[in-house]
Amino acid sequence: MCGIVAYNGKSNAQERIIHGLEKLEYRGYDSAGIAVVDNGALKYVKSAGRLQNLKDKLEQNPVDGNCGIGHTRWATHGVPNEINSHPHLNTKEDIALVHNGIIENFSTLKEELIADGYTFKTETDTEVIANLLDKHYDGNLSSTVEKVISLLRGTFALAIISSRDPGTLVAARRENPLILGIAEDGVFAASDVPALLNYTRDVIYIENDEVATIQNDGSYSIRKFGEEVEKEIHHIEWSMESASKDGFDHFMIKEIYEQPKVLKDCLLRKVKNDFVDLGETSFTKEEILGFDKIYMSACGTAFHASEIGKRAIEDAIGKEVTAEIASEFKYNMPFLTENSLLIIVSQSGETLDTLTVLREAKDRGAKVLAITNVVGSSIDRESDKVIYCDAGPEISVASTKAYSTQLLSLYLLALDFGYKLGTYDKEFVTDIVKEFESLPEKVEKMFDSRDSIREIAKTIANKKSMFFLGRGLDYLSAKEGALKLKEISYINAVAMPSGELKHGSIALIEEGVPVVTLLSQMELFEKSISNIKEIKARGAYTIAIASEENSALRSVADEVILIPKTHDMYMPLLAVLPQQILAYETSVILGNDVDKPRNLAKSVTVE
Ligand code: F6R
């Protein structure tokens, strides 16, 4: 996730900004940059790669001055290189800004600016804002920013300086985090608390559409829609370590709680006017019809998302789709031809097993569409088409928010295919997209169950093994629940289709064995109830995760976790949450290293 640090005050801005950016390194980034107004002139330095590269450049050419902005970029638009890194400048190079977020209407704005004679150097959406500020400049940086943000659709946290208004730093936000830090020698604007802790613990949280104006003498004001707003100063008690996790105990739980936000981000670039719009990242009707067969391949959690995506795509195209685990598929893909489509799913974009399948498919002349979270990764570069998950960097080894955005991206791809082939009409797609837009709220609601899930985790924590059961899509969700638990609690968890248990594994059910059963699919509900009764009669500790209209289950299972309702096809997006929380709470109770579980690495680049 990109990081912003800006400073205006009595001290050297470069030193404070670089220190702040170092403290934001944990968020992940691929390039960095800084701009400072130095003696009335705007100077900037940018560099691809690690912050050390930027520091090396600054050692040769320091940017002095007391008012500046800095940024670490996690690419979401345009490849990760020096040109696309922030700060971005207007054509005249006298306004510089750093930006976190996505400007949805940037192409329309860009066309208008080009017609006005502006030129662009980068592939980013951010450069549009720099030229808009130039176009609407009214002699005052702050009021110009107020005007310009009213033209932007999408999300942003911004910090802006200009040699036209050399003593002023302006910062604004919509949806993306931004705080001010009130220090003795000046005022900071930053995307996260750790950037400031060395200099101050007094912060102001900037809210949506607020514009903060910071002067060189340390004075500041905050306005919203032209009106001045009074803001409270909060004193931060967190340690540096807990601040980098936003006050959460671990990155994993922070990332679980980020899911409402990343689901919104994931929709931003793939939806326009309540309709799926994948643009160039998808295929035309003729191309889709031309594929003899669609294959999907991935590993681990990404494979679990693929298996669900497969069902959605089959529904959309009315043909069978094959989903294969990459580490096996690479040895056995006899029917994949130059007329096939391979859909690859990978958070990191670097998983070697998945890459090997991709390369083999490319060698055979097949088309490859990747769903990945990392712009510029090998899978991104080597695929024909790419849909980005927009989950932001995932730091915890156990994947959570990446899974949700992989699923949502696959659902959107299925809708796109289904609409193009005439399986779904416009009204249907619009209804589903609106349903997706309501999902973040439903996910948020799930967090209310955390306390009761923690109580269940206390019982599970001293068990040696357990089961996760489900029918249909619930079985596929259960596979992800079992993997999460295994990875971080080290308890053996077996995922099974509910109906398969009686064919052998039921022999393992005895007094106290925990069994999680998922019941989110309405037409399979009755059958799954019978399974719960069956295992309860044999002494199992039964935990049901069911959609909310099934509260009657309380008389059947020992524990019931209810999840909000959406269409059955999309229930996996909600069913995964209690399972992620259950795995997390169990791991915490056991005192495990939640974010770095034993024997595991975040990116698996060996076969
Ligand atoms: C589980 C997990 C792994 C990954 C798998 C594929 O929490 O993170 O199972 O899903 O190693 O990784 P990517 O998606 O980076 O290809």
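Tutor: Let's start with a term: buried means under 20% relative accessible area, exposed means over 50%, and partly exposed is in between, using a 1.4 Å probe and protein chains only. This is a predicted model, where local features need pLDDT of at least 70, side-chain atom pairs count only at pLDDT 80 or more, and totals for chains, interfaces and linings use all residues. Residues are numbered from 1 along each chain as its sequence is written, and side-chain values use heavy atoms, with hydrogens and water left out.

Student: Okay, is Asn-176 buried or exposed?

Tutor: Asn-176 sits in the loop between β8 (168–174) and β9 (179–183); helices (H or I, at least four residues) and strands (E, at least two) are DSSP runs numbered from the N terminus. Skipping neighbours within four places in sequence, its contacts (heavy atoms within 4.5 Å) include Asn-100, Thr-155 and Lys-261. Its relative accessible area is 9%, which is under the 20% limit, so Asn-176 counts as buried.

Student: How is the chain divided up, and which domains give residues to the largest nonpolar core?

Tutor: The chain is split into domain 1 (3–244), domain 2 (253–445) and domain 3 (446–590), with bounds from an automatic or database domain assignment. A nonpolar core is a set of buried Ala, Val, Leu, Ile, Met, Phe, Trp, Tyr and Cys residues joined through side-chain atoms within 4.5 Å. The largest has 86 residues, and Phe-417 and Phe-436 are among those touching the most other members. This core lies between two domains, because residues come from both domain 2 and domain 3.

Student: Which helix gives the most to that core?

Tutor: Have a look at Phe-436 to get your bearings: leaving aside neighbours within four places in sequence, its contacts include Leu-408, Leu-412 and Leu-415. The top contributor spans residues 401–420 and supplies ten residues. That's helix α14.

Student: How far apart are the C-alpha centres of domain 2 and domain 3?

Tutor: These two domains touch, with 32 residues from domain 2 and 30 residues from domain 3 taking part in the contact. Between their C-alpha centres, the distance is 26 Å.

Student: Which residue makes a side-chain polar contact with Ser-404?

Tutor: Ser-404 lies in helix α14 and is buried, at 2% relative accessible area. Not counting residues up to four places away in sequence, Ser-404 touches Leu-263, Leu-573 and Val-576, among others. A polar contact is a pair of N or O atoms within 3.5 Å; within protein, one must be able to donate a hydrogen and the other to accept it, and residues adjacent in sequence count only if both atoms are side-chain atoms. At 2.4 Å, the partner side chain is that of Gln-259.

Student: Switching to strands, which ones stand at the edges of the eight-strand open sheet?

Tutor: The order is β3-β2-β4-β1-β10-β9-β11-β15, with antiparallel pairing, and two strands pair if DSSP finds at least two bridges between them. Each edge strand has a single partner, so one side of it is left without a neighbour in the sheet. Those strands are β3 (41–48) and β15 (234–235).

Student: What is the bridge partner of Val-36 in β3?

Tutor: Strand β2 (residues 31–38) and β3 run antiparallel to each other, with eight bridges between them. For Val-36, the partner in β3 is Lys-43.

Student: At about what angle does helix α2 run to β3?

Tutor: Axes are lines fitted to C-alpha atoms, for helices over the stretch in contact, and angles run from 0 to 180 degrees between N-to-C directions. Helix α2 (residues 51–60) lies across β2, β3 and β4. Its angle to β3 is about 140 degrees.

Student: Any oddities in the backbone? What is the phi of Asp-390 near?

Tutor: Most residues other than glycine have a negative phi, and most peptide bonds are trans. One to note is the peptide bond from His-86 to Pro-87, which is cis. Asp-390 is in the loop between β22 (385–388) and α14, and is buried at 9% relative accessibility. Its phi is positive, near 60 degrees.

Student: And is Asn-599 buried or exposed?

Tutor: Asn-599 comes in the segment after α19 (572–589), and has a positive phi too, near 65 degrees. At 79% relative accessibility, it counts as exposed.
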